[in-house]
Amino acid sequence: MPDDLINSYKTGPDENGRFGDFGGRFVSETLMPLILRLEAEYEKAKTDQSFWDEMDDLWTHYVGRPSPLYHAERLSEHLGGAKIYMKRDELNHTGAHKINNVLGQIILARRMGKTRIIAETGAGQHGVATATVCAKFGLKCVVYMGAHDVERQKPNVFRMRLLGAEVVPVTSGRGTLKDAMNDALRDWVTNVRDTFYCIGTVAGPHPYPAMVRDFQAIIGKEVRWQLAEQEGEGRLPDTVVAAIGGGSNAMGLFFPFLDDPEVKIIGVEAGGKGVNEKMEHCASLTGGRPGVLHGNRTYLLQDDDGQILEGFSISAGLDYPGIGPEHAWLHDIGRAEYVSITDKEALGAFQLSCALEGIIPALEPSHALAHVMKIAPDLPKDHIIVMNMCGRGDKDIFAVAQHLGFDMA
């Protein structure tokens with residue numbers, strides 16, 4: 001597994017953690033020794049078969065991998081064009097793709113002798129996954145979550161607390177994912193001796209973007225053999241589609257196909273109320289420009305003075321004013337296409353998935369599904385689209401009910 005996971009794509013990052021002009025390590029001197037030690041520990045783990053054996057065992061017997069690759073027959077028939085498959089990572093233990101990465105990082109943390117795990121979370125799925133794995137291994141867990149997200153993701157807040165985590169509401173800024181990550185980084189600087197920062201997406205200082213990508217690449221690797229089983233040996237998707245906030249579920253799906261030029265890659269950002277000058281969206285590739293945030297250089301929503309803007313999305317997990325540096329690079333070199341979907345379009349896809357497939361999606365993959373709904377009707381019936389259904393929607397039902405005008409009292 002290590003060779004297949006890590007060496008299938010050799011053009012990034014370089015030895016400085018750069019994907020072209022993006023990525024790198026922009027951290028305080030206090031954190032640099034921790035970052036370098038983490039990089040060294042991960043480099044050792046990549047070639048340690050016992051590390052991957054432990055990961056494989058937990059992915060199989062704890063997470064429930066492989067997740068199914070599901071032919072959405074009724075949705076495909078309804079749209080009248082391409083054949084649509086859903087990679088159903090919402091069926092993982094904890095209800096999303098996040099646990100794929102959390103397992104890897106916390107195994108590394110234990111190898112490094114760390115006893116306290118901190119994390120940031122937006123929609124709460126990374127927080128739940130972190131709290132879950134910490135409970136399994138008996139580690140202290142502290143999760144930073146924007147106060148605004150605490151209110152709109154109450155089911156996940158309750159889950160984290162049930163699992164023994166301390167949930168710290170962050171009131172600075174707009175109280176969303178960016179602000180939670182700011183406070184988590186401050187905690188890490190203060191508690192360097194016993195604390196490991198488990199980042200939930202393909203952002204942050206090197207080695208996090210590549211390391212998180214490598215753990216999530218299990219998604220795309222499974223798609224390769226699962227589709228071949230269902231459609232015939234050697235058959236690859238014609239198009240792969242995934243939603244993007246920071247972008248870990250998307251990189252997990254995209255990475256194993258980057259060296260297959262016949263596979264079209266589409267990332268879907270949160271268009272909020274529409275990509276406009278008011279920045280009522282979180283589409284940093286569509287409406288942003290390069291800058292530095294949270295330890296790496298990437299595309300960001302920012303004003304003319306370089307101040308980070310808040311952005312907006314119905315989806316807490318996509319409500320981030322930046323994107324992972326590898327996505328920024330793939331955008332600039334043209335290997336992947338990035339588009340945006342509005343809140344209204346995502347809500348429409350949410351409802352259609354429920355009605356036609358009996359699958360209640362999270363608001364995050366609803367954005368990806370909404371774009372699939374746009375492109376599928378104009379594609380031939382033998383064109384295969386694989387979208388990542390990266391999270392389940394039980395966490396979002398109250399927010400969706402409010403937006404659709406239902407009384408949940």
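In which sense do E3 and strand E4 (residues 83-87) pair, and over how many bridges? In this predicted model, E3 and E4 run antiparallel to each other and are joined over 3 bridges. The legends below follow this pairing and then turn to other parts of the chain.

**View 1. The sheet of 6 strands is open and has mixed pairing.** Read from one edge to the other, the order of its strands is E3-E4-E14-E9-E10-E13. Strand E3 (69-71) and strand E13 (337-342) are the edge strands, and each of them pairs on one side only. On average, neighbouring strands of this sheet are turned by 30° against each other, with direction ignored. Within the pairing of E3 and E4, which is antiparallel, histidine 71 has tyrosine 85 in E4 as its bridge partner.

**View 2. Helices H15 and H16 pack on the sheet of 6 strands.** Helix H15 (residues 343-357) touches E3, E4, strand E10 (264-272) and E13, and the direction of H15 makes about 85° with that of E13. Helix H16 (residues 363-375) touches E4, strand E9 (239-244), E10, E13 and strand E14 (384-388), and the direction of H16 makes about 140° with that of E9.

**View 3. A sheet of 4 strands is open and has parallel pairing.** The strand order here is E7-E6-E5-E8. Because E7 and strand E8 (195-197) stand at the edges with a single partner strand each, one side of each is left without a neighbour in the sheet. Neighbouring strands are turned by 25° against each other on average, direction again being ignored. E6 and E7 pair in the parallel sense over 5 bridges, and valine 142 stands opposite glutamate 166 in E7. Helix H9 (residues 177-190) packs on this sheet, where H9 touches E5, E6, E7 and E8, and the direction of H9 makes about 160° with that of E5.

**View 4. Helix H8 (residues 154-162) has buried residues that pack against several other elements.** The residues of H8 that are buried are Pro155, Asn156, Val157 and Met160. These buried residues pack against three strands and three helices, namely strand E5 (116-121), strand E6 (140-146), strand E7 (166-170), helix H6 (125-137), helix H7 (147-152) and helix H17 (397-404). After H8 comes glycine 164, which has a positive phi, near 95°.

**View 5. Glutamate 39 and arginine 25 form a salt bridge, with their closest N and O atoms 2.9 Å apart.** Glutamate 39 lies in helix H2 (residues 32-46) and arginine 25 in the loop between strand E2 (22-23) and H2, so this pair ties together parts that are 14 residues apart in sequence. Glutamate 39 has a relative accessible area of 16% and is buried, whereas arginine 25, at 21% relative accessibility, counts as partly exposed. In total, the structure holds 26 salt bridges.

**View 6. Aspartate 48 and arginine 111 form a salt bridge, with their closest N and O atoms 3.0 Å apart.** This pair links distant parts of the chain, 63 residues apart, since aspartate 48 is in the loop between H2 and helix H3 (49-63) and arginine 111 is in helix H5 (residues 98-111). Aspartate 48, at 25% relative accessibility, counts as partly exposed, and arginine 111 is partly exposed with a relative accessible area of 32%.

**View 7. Lysine 395 and glutamate 364 form a salt bridge, with their closest N and O atoms 3.0 Å apart.** Because lysine 395 lies in the loop between E14 and H17 while glutamate 364 lies in helix H16, the pair ties together parts that are 31 residues apart in sequence. Lysine 395 counts as buried at 1% relative accessibility, and glutamate 364 is buried with a relative accessible area of 8%. Elsewhere, salt bridges that share partners join Arg65, Lys87, Asp89 and Glu222 into one network.

**View 8. The protein is divided into domain 1 (34-60 + 97-211) and domain 2 (66-95 + 217-403).** Taken over C-alpha atoms, the centres of domain 1 and domain 2 are separated by 22 Å. The contact takes 33 residues from domain 1 and 37 residues from domain 2. Between them the two domains bury about 2700 Å², of which 57% is on carbon and sulfur atoms. The count of salt bridges between domain 1 and domain 2 is 1.

Methods:
Residues numbered from 1 in each chain as written. Predicted model: local features only at pLDDT ≥ 70, side-chain atom pairs only at ≥ 80, totals over all residues. Heavy atoms only, no water. Pairing = 2+ DSSP bridges. Helix = DSSP H or I, 4+ residues; strand = E, 2+ residues; numbered from the N terminus. Axes fitted to C-alpha atoms, helices over the stretch in contact; angles between N-to-C directions. Contact = heavy atoms within 4.5 Å. Buried < 20%, exposed > 50% of the residue type's maximum accessible area, 1.4 Å probe, protein only. Salt bridge = Lys/Arg side-chain N within 4 Å of Asp/Glu carboxyl O. Domains from an automatic or database assignment. Buried area = accessible area lost by both parts, 1.4 Å probe.
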